[in-house]
Amino acid sequence: MTNATHCIGLPAQASANCRVLVLGSMPGVASLHAAQYYAHPRNRFWPLMGALTGIDADLPYAERMQALQAAGVGLWDVIGTCERRGSLDTAIVRGSEVPNALPELMARLPQLAAVACNGATAHAAFARYVQPLLGARATSLAVWPLPSTSPANAAWPLPRLQAAWQPLADVLAG
């Protein structure tokens, strides 16, 4: 684990009316430094949420979080702590991951209908660490493996991401 940094994630941001829980893997360096979800200036998460939910992606962070939660979207990460060399998911040292207490959080979200995994690493970690602990709830919950909003996923421009993430807006509208 030479040159790896011990990373501790951000707290969950989900209100009781959460219908869709968006899960990343572990926040990148910019997000951890700013103590804000999706803080990297080239991450498309906030513009995407603006397109899908109508929130103003240019609001100050606290207001964006409040608007996102009011729309029924919660945020957290599958991994609570890990060792990582840099910001990329591929830099997470396998075996160092400690998952967040997602089953406990999800049990407190009675309206939760879907989990949106922001990227393949988040989805794989959810399947490995969380799904086996959900019991009967796992069968009633939609779990979407969605393309990452990270700038490292440059093959997916915003319009393509918006089309892939449309089920989130559909659940919120339904």
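Visitor: What makes strand S6 (residues 114–118) mostly covered?

Guide: Five of the five residues of S6 are buried, where buried means under 20% relative accessible area with a 1.4 Å probe and protein chains only, against over 50% for exposed and partly exposed in between. S6 is called a strand because it is a DSSP run of E, at least two residues long, numbered from the N terminus. This is a predicted model, in which local features need pLDDT of at least 70 and side-chain atom pairs count only at pLDDT 80 or more. Residues are numbered from 1 along each chain, and side-chain values use heavy atoms, without hydrogens and water.

Visitor: Which residues of S6 lie on each of its faces?

Guide: Ala114, Ala116 and Asn118 are on one side, Val115 and Cys117 on the other, and all are buried. In a regular strand, side chains alternate between the two faces of the sheet.

Visitor: How do you know that S6 pairs with strand S2 (residues 20–24) and with strand S7 (residues 142–146)?

Guide: Two strands pair if DSSP finds at least two bridges between them. S2 and S6 have four bridges, in the parallel sense, and S6 and S7 have five, also parallel; therefore both meet the criterion. Val22 has Ala116 as its bridge partner in S6, while Ala114 stands opposite Ala142 in S7.

Visitor: Why is Cys117 not in a disulfide with Cys18?

Guide: A disulfide is a pair of cysteine sulfur atoms within 2.5 Å. The closest cysteine sulfur to that of Cys117 belongs to Cys18, 13 Å away, so the two are too far apart for a bond. The structure holds zero disulfides.

Visitor: Why is Cys117 called buried?

Guide: Its relative accessible area is 0%, so Cys117 falls under the limit for buried residues. Cys18, at 1%, is likewise buried.
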